[in-house]
Structure formats: C-alpha cells, structure tokens
Amino acid sequence: MSLNENWFTEANEETGTGFSLKIKAKLYEEQTPFQKLEIYDTETFGKLMILDGCTMVSTRDNFLYHEMMSHPALFTVKAPKRVLIIGGGDCGTLKEVLKHPEVELAQQIDIDEAVTLASEKYFPELCESNNDPRAELKFIDGIKWVAESAPGSYDVIIVDSTDPVGPALGLFSVEFYQNCFNALSEGGVLVQQSESPLTHQTLLKEMHTAFKEVGFSDTKTLPFPQPIYPTGWWSCTMAVKAGQAEAFRETDSTNKDFKTRYYNAGIHKGALASPPMFADEIGI
Ligand code: SAM
C-alpha cells in the first residue's frame, strides 16, 4: 500500500501500524528464490532495502541496529575469536563484528546471495569489510549450517534475520536454539534480533523460555530505537551459556579503539536496565 506514487509504506497488519518514506525512485526489484527484494532511493533516509514488503535497512538509520546486534554480545564474551552471523546479508553486522581486533573468523551465512549482491551495489559502505581476510561469506540455509556445526565452534552467534516467517521461521525454534547452544564455546553468547518490545511481547516471552529450556544460564533483552521498523522501538535478545548476561568487558568497551555512532559503554549499560514493563508484561 502507498500514500501515493511518491511514498513507500510498510503497512504492518500484525501491529496495525504503518511507516512511510518519501521516495525519489525505485532503483531495483527482483523476485529471488526466497523473497521479493526491492531497493528505493528516498528523499531523506538514503537508500532503502525492502524484503517481502518489510523494511530491512536504510542508509540513515542502519547503524543503530548493526551496532546493537554486534557490540553488546562481543563485549560480553571474554575473547570473541570465532563469530557466526546467521542472515545479515546486507553485511552491516559483519562490518561491526570485524571492528573487534580479537576476532579471527567471522562467518556470514545468509540463505539469499541476491541480498548481498544488492547491498554491494546500493550500500557499499556496509560491505567495505567483505574482503577482510577474516570474513567468510556463504549462501546457504543458516538452520542447516548450525545443525551441522561441530560442538563449541563459535564464541558468538548473531542471528540477524528477517521476521519469523518464510525461510526465517525455523530461526525462532527450540531446535535451532539447541543447535546454537551446542555450537557455542563454554563462555559463548547467542544474540538474536527480537522484534518490538511494544508489540511482540509473546514472541519475546517464548524466546526467553526457549533459551532457558535449552540450557542457557541467563538471558537479557536490550531495546534500542529503530525508526524504520514497526513501532520504531526494536530489540535484540542475548543468551549466555554460563554466567550473567549483564556482565560485560566494560573497561574494554570504554577504551575501544574503533568508532561507533550509537554504541558505547554507557549505551550498553543503559540497554541492560530493563523497563518495568518487561517484568510486568513480558515476565522477563
Ligand atoms: N535488519 C533486518 C531486520 O531485522 O529486519 C534483517 C536484515 S538481513 C537483510 C536479514 C537476512 O536474513 C536476509 O538477507 C535473509 O535472506 C536472511 N535469512 C532469512 N532466513 C534465513 C535462513 N534460514 N538462513 C540464513 N539467512 C536467512
């Protein structure tokens, strides 16, 4: 649905909300084997990537999501050497992960190569670390990849996926979480994009229950602003294999020698402070 031909609108039936951006032009459209991919040039948010009608990435606000999907988890692990990204085909999370000097391997497993090809063309700034010798990009189903990973293979697993429908549905299942738990090293951390705390409370509750069920010792949902996603308020949820999800390398985060636009140690601490509604309405 669109207001008129100069606007893109994501009308979200589930939440009864809509988000619109004024567009200059439609740059690309492709029906891939997995999803419908569109790229727009907008008046004020730069380029905009859409998958199956849902907003994914904009030039203007992607840093909020990519920084929060990566840095809190990487600063929670003592030595994040081996990192797995499931989904993440726009490569923005990969770029953030590779800012950590301890990382020796960062594998990005997205089911759809078309997303990365479009990102290389329309979001080159997100793909500038794709040729880093520590980066490995593969285009296969992340569910299968994790199921076949050897125990203890990764220190951090980041699930940067589309919403829990279509090919991403199985990325929100107990079986997938069990396989992630097994594929993580002793002090490993799983982090997954977990939709809006305002409108996806059932999903959040189910994720926390499932994480605990498969053996994670502690879980935490970190909220952050994300203007292009439904409600504008998004979240990621971390599950730690051992210890507390709130314990992070605060000194290393404070002294990090790379640039970020949103994340810092203070934002990390603030995101760990759960609003009362999390306990009252989500039971977390
Ligand atoms: N930031 C976005 C959001 O929360 O809406 C996610 C962006 S990223 C482009 C999502 C990626 O997940 C897509 O490229 C899609 O191809 C990928 N994906 C969906 N299901 C997958 C699966 N089973 N295995 C690997 N990648 C998957």
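In the model, 26 residues surround the ligand (a residue counts if one of its heavy atoms lies within 4 Å), and the closest are Gln35, Asp110, Gly142, Pro167 and Tyr229. The structure is a predicted model, in which local features need pLDDT of at least 70 and side-chain atom pairs count only at pLDDT 80 or more, while totals for chains, interfaces and linings use all residues. Residues are numbered from 1 along each chain as its sequence is written, and side-chain values use heavy atoms, with hydrogens and water left out.

Polar contacts are pairs of N or O atoms within 3.5 Å. Gln35 places a side-chain N or O atom 2.9 Å from an oxygen atom of the ligand. For Tyr65, a side-chain N or O atom lies 3.4 Å from a ligand nitrogen, and a polar backbone atom of Gly142 is 2.9 Å from a nitrogen atom of the ligand. On its own the ligand has 600 Å² of accessible area, and the protein covers 99% of this (Shrake-Rupley method, 1.4 Å probe).

Turning to the protein atoms alone, a cavity is a set of points on a 1 Å grid where a 1.4 Å probe fits but cannot get out, and its lining residues have an atom within 4 Å of a point. One cavity of 30 Å³ or more is found, and the largest cavity holds about 400 Å³ (the space filled by probe spheres set on the points). Its lining comprises 32 residues, with Met56, Gly87, Asp160, Ser161 and Thr162 nearest the centre. Among the elements giving two or more residues to this lining are helix 1 (62-76) and helix 4 (142-147) (DSSP runs of H or I, at least four residues). Strand 5 (E, at least two residues) gives the most, with four residues. Because domain 1 (2-58) and domain 2 (62-282) both contribute lining residues, the largest cavity lies between them (bounds from an automatic or database assignment).

Methods
1 Å grid on protein atoms, 1.4 Å probe; cavity = no way out; pocket = protein on both sides within 12 Å on 5 of 7 lines; lining within 4 Å. Polar contact = N/O pair within 3.5 Å; in protein donor to acceptor, adjacent residues only side chain to side chain.
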